[in-house]
Every structure is written in structure tokens, then in C-alpha cells.
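Ready for a bit of practice at reading a structure? Have a look at the model below, then work through the exercises.

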Amino acid sequence: MTTAARVEQIIGRLVERELNSAARQGRRLRDITFEWLRPDGSSRKFIRVFTGGEPACIAVLPASQSDRDMAEFRAAVAIGNHLYNAGTAVPRVLASDAAAGLILFEDFGDTRLHDIGAGNRQRAIEHYYPEVVKELVRLQVEGSRNFDRSWCYDSAVYDTEVMLRRESGYFLEAFWHATLQANTVEGLAEEFEDLAARVMSSSEELFLHRDFQSRNVMISGERIGIIDFQAGRLGPPGYDLASLLIDPYAALSDAEQQELFSQYINEMESYPEVDVERIRGSFPFLAVQRNLQIIGAFSYLSGKMQKPFFRPYILPSLLALDNRLGESVFQQYAVLRKTVAEALRRYTTAVG
């Protein structure tokens, strides 16, 4: 039996056991079939499950049985249940199997916010993005209530270590050194530390998705579904907002970003316990952090992982970062601004 056949057998058993009342009465589900889906950057396995020709659920399995991958499975179940019970727009966990690391999620279909924008940009901006902003605020505030940090598999909070290792460090290792083959820049590490300190000094701690972009937002009719939340933790909400607004897949204009930013602040002001001024103050710095992370991730995925889908988005992300660093609040970061300008020059030359 092939690996795929064994996987489908495990999924079929769980579907029969958990998802259909007829199965509970001793009658088998009919015609369970499978469609293997192609993920973006994830190494997990995604399979659409059909019963009687109709979509039933999405099965998600870990890349391996390693401690880390199984911890990610447990985080997805615990955080998923918590967010769903908090009334946020995430798919319901229908069933799970701890031995296999298998989760059956509610199926939100194939249409992403990114797809809507690519097909009808005006409709996406005017109709869907405002609703997504509302759901983001609900996710952040309601998701933070009674959140148990022990659910997290990656880190419990977004902190200085995450910024220096997973964001600015990712930019340096995967892009500056590996892609551009450039040498260490004196003074850059100190500026990255100062940038992280600026974020921490004005951090407002809510639920943080950490990859809230248009390919992780599903559109099913008028329903919005937020997926890929298993790396969630507590952290500054401006990071998720920045992820949505500077999303290179969507390429929102400055005017569109500003309008959505205002809508987000207005929505967040309905929660008096949240200090929106701290969100305003930290946002530019979090946008830089997110941009560094994007460039590092896309360089790694397109380079070492040989996933060419991500390569076209590196240059727009570099341009956005260079533009952001031109704002007055970043004048003190002379080394970073010079490094990004040089990175843009080298990369533009390399790609022609």
C-alpha cells in the first residue's frame, strides 16, 4: 500500500467514525473520495475529503511525526477550538486523531481573498476587505480572552527573540547572505536590536495570527474564513494589520492601505480596554518587522526550498521596505536604510 493510500485509509476511518450520523448508527458512508491539495509554503499535507461526491471537510496532516510537527498539530487543535468557541471566523475542528496528527477541519472552499482581488479588485477593496478588517479585530480581541500560552508550539509571545531571530535575522540569513552573497554590515545588528526595543516599548498584547495575509483568508459566499492560525500567540495587533496591508500578493496602494488602517482603528475603538494609540505608534515599526520577515521567507522558500511561486514577490517587498524606511521616524536607522537601498540595487541588477 502506498503512503497516499495509507493516509487516505486513516482519514476515511476518522470520517466514518466522527462526521456522519449514519456511521454512528452502523451504516457506512458512501463513496469517500479524496483530492490532494497543493499548499503554499507549508510542509503539511492537505486533502479535501468528499462523501457522495460532496465536499465534507479538509484533512490536515503533519509533515512528519517529529516532536515539533506533532506539537504544531496539538497547537492547531487547541488554538482552533479556542478561536472557534470565541466566535471568530475560523473553521471548526470537526475531529482529530492524536496518534496520526490528523485534523478534520470545516471546508471553506477554494476561493481566497487574494483570488477575489485578482479577479475583481474594486469589489475586493470595497466589499471584502472592510469585512476582513472587522474579523481581524474580533480575532485579536476575542481570541486573546482566556488564551492559554501553553497551547503555543512555536513561542508563547511575540517578543525580541522572535524579531531578531525570525524576522531581521531571517532577512540577513536567507536574503542578504544566502541570496545576495553579501557580507556582514557593521552596526546593522545594533539597529535591529533598537528597532525591536521600539516595538516592545509600545506593545499592546492581543491574539496574534502572525501570517494574516490574503492567501490565508478564505471567502465562501459571504462568509470569511481565517486559516493557518496554528502559530498564533500573544503579541502586538499592529503586526497582523501590517501583514494584511503590506501583503505583496495583494499590492494594495498607499491610499487603500490608509483607508483600511482607519477602518481598523475605528473598529478597534469599540473595545475600550485596547489602547489604540499604542497600536498607531507601533505600527510603522511592526510593518518594517513584517517586511523583513516576508523578504527572508520568500528568499528561503524560492531558494533553498525550490518553490518559484514566491520569487516574483521579493522585489515588490524590497521596494515597499525601502519606501517605508524613508519615513521620518526611521531617520535614525541610517545603517538599515543604506543596507536596504544596497539590497534593492543588487537584487534589481541580479534579476535584470
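The exercises below deal with a cavity and with two backbone angles in this predicted model.

**Exercise 1.** Find out how many cavities of 30 Å³ or more the whole structure holds, and what lines the largest cavity.

*Solution.* Start with the idea: rolling a probe the size of a water molecule over the atoms shows where empty space is left. Searching the whole structure this way turns up 1 cavity of 30 Å³ or more. The space in the largest cavity comes to about 60 Å³.

Next, look at its walls. The lining includes Arg 44, Val 60, Leu 61, Asp 69, Phe 73 and Ile 103. Two elements, β3 (54-61) and α3 (67-85), each give at least two lining residues. The largest share belongs to α3, with 4 residues.

Finally, sort the lining by type: you get 6 nonpolar, 1 polar and 3 charged residues.

**Exercise 2.** Locate Gln 181 and decide whether Gln 181 is buried or exposed.

*Solution.* First, the backbone: Gln 181 isn't a glycine, yet its phi is positive, at about 55°. Now trace the chain, and you'll meet Gln 181 in the loop between α6 (160-177) and α7 (188-201). Its relative accessible area is 60%. Exposed means over 50%, so Gln 181 is exposed.

**Exercise 3.** Do the same for Arg 210: where does Arg 210 sit, and is Arg 210 buried or exposed?

*Solution.* Arg 210 has a positive phi of about 80°, again without being a glycine. Its place is the loop between β6 (206-208) and β7 (217-220). The relative accessibility is 12%. Buried means under 20%, so Arg 210 counts as buried.

Technical notes
Residues are numbered from 1 along each chain as its sequence is written. This is a predicted model: local features need pLDDT of at least 70, side-chain atom pairs count only at pLDDT 80 or more; totals for chains, interfaces and linings use all residues. Side-chain values use heavy atoms; hydrogens and water are left out. Buried means under 20% relative accessible area, exposed over 50%, partly exposed in between (1.4 Å probe, protein chains only). On a 1 Å grid over the protein atoms alone, a cavity is a set of points where a 1.4 Å probe fits but cannot get out, and a pocket is an open set with protein on both sides within 12 Å along at least five of seven lines; lining residues have an atom within 4 Å of a point. Grid points are joined across faces, edges and corners, and a volume is the space filled by probe spheres set on the points. Ala, Val, Leu, Ile, Met, Phe, Trp, Tyr, Cys and Pro count as nonpolar, Asp, Glu, Lys and Arg as charged, and the others, Gly among them, as polar.
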